[in-house]
Amino acid sequence: MFRLLKGGIYILFTGSKARRVKNAAFEERYKAARECCLKFFKLVKTPVIYNDVKLPEGPVLFVSNHQGTIDPLVIVAALEKPTTFISKQENKKIPIISTWASLLDLIYFDRDDQASAIKMLRESTRWLKSGKSVLIFPEGTRSKSNIVNEFHEASLKPAYLAKATIVPITLCNVYLDFNNIKTNTPYQIRVGTPIFFEEYKNIELKELSEQVRKIIIENMNHDSI
């Protein structure tokens, strides 16, 4: 419990660091956010275990399963490549976290508004075409388990439109959220093999969505996760 309290206090004080880098380039802002995430997990003595994968140059659409509230912190800690996230509108209201979210240029959308979802997909495509990377949770909501729910296939459409590389991300046992800290259970994340545009350009969107989901599920039980 003390470690969790210590981590919570640290998060509260990261707001000042966020303000210091608010006018910096996106890469510098992401680097600062990653440093904060890494320090948080070090303070609470709960490691983030991830594999070492050489990511390609250029824009990437990271496609991840969504387990819990702490998912973004785990992913930023593991990913050195500067990346923004697609997030539900409600997350704008979370103190401190929303401050960092604005610095990482999160792309928000209202899950109950189709027009908002379309706008989000267009903005994600523009972001990828500009050479920057995006992470999306195509399940649309937290599973709160190691089960990977069905994907909203349109989530992968920005990759087609921007001819971006797709990289599957598998989160395992992250759904325990902050309970991992109480039990000293590592957060596990596996970065999958990149799927280049030339490999998927002739595959139907629905089929590609199913293939990526299958990869994420298979990596859930991979020996090195």
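Helices, α2 among them, are DSSP runs of H or I with at least four residues, numbered from the N terminus. With that naming, the pockets of this predicted model can be described by the elements that line them.

The second largest pocket takes the most from α2, which contributes three residues to the lining. Its volume is about 400 Å³. The lining consists of 19 residues, and those closest to the centre of the pocket are Leu55, Leu79, Glu80, Lys81 and Pro82. By class, nine of the lining residues are nonpolar, four are polar and six are charged.

The largest pocket has a volume of about 1,200 Å³. Its lining is made up of 44 residues, with His66, Pro72, Ser87, Asn91 and Phe137 nearest the centre. Several elements supply at least two residues each: the helices α1 (2-20), α2 (26-43), α3 (71-78), α4 (97-103) and α5 (114-129), together with the strand β3 (83-88). The largest share is that of α1, with five residues. The lining of the largest pocket holds 27 nonpolar residues, 13 polar ones and four charged ones.

Two of the helices named for the largest pocket, α2 and α3, also meet each other. A packed pair of helices is described by the angle between the two axes and by the distance between them. For α2 and α3, the axes come within 8 Å and cross at roughly 110°. Angles from 65 to 115 degrees count as roughly perpendicular, so α2 is roughly perpendicular to α3. On the α2 side, the contact is made by Tyr30, Ala33, Arg34, Cys37, Leu38, Phe40 and Phe41. The α3 side provides Leu73, Val74, Ile75, Val76, Ala77 and Ala78. Sorted by class, the contact of α2 with α3 has 12 nonpolar residues, no polar residues and one charged residue.

Tyr30, one of the α2 residues in that contact, also takes part in a ring pairing. The structure holds seven aromatic pairs. One of them is formed by Phe26 and Tyr30, with 6.5 Å from centre to centre and 40° between the planes, a tilted arrangement. Both residues belong to helix α2, where Phe26 and Tyr30 are four residues apart, about one turn of the helix.

Technical notes: Residues are numbered from 1 along each chain as its sequence is written. This is a predicted model: local features need pLDDT of at least 70, side-chain atom pairs count only at pLDDT 80 or more; totals for chains, interfaces and linings use all residues. Side-chain values use heavy atoms; hydrogens and water are left out. On a 1 Å grid over the protein atoms alone, a cavity is a set of points where a 1.4 Å probe fits but cannot get out, and a pocket is an open set with protein on both sides within 12 Å along at least five of seven lines; lining residues have an atom within 4 Å of a point. Grid points are joined across faces, edges and corners, and a volume is the space filled by probe spheres set on the points. Ala, Val, Leu, Ile, Met, Phe, Trp, Tyr, Cys and Pro count as nonpolar, Asp, Glu, Lys and Arg as charged, and the others, Gly among them, as polar. Axes are lines fitted to C-alpha atoms, for helices over the stretch in contact, and angles run from 0 to 180 degrees between N-to-C directions. Angles under 35 degrees count as roughly parallel, over 145 as roughly antiparallel, 65 to 115 as roughly perpendicular and the rest as oblique. Contact means heavy atoms within 4.5 Å. Rings of Phe, Tyr and Trp (its six-membered ring) pair if their centres lie within 6.5 Å; planes under 30 degrees apart count as stacked, over 60 as edge-to-face and the rest as tilted.
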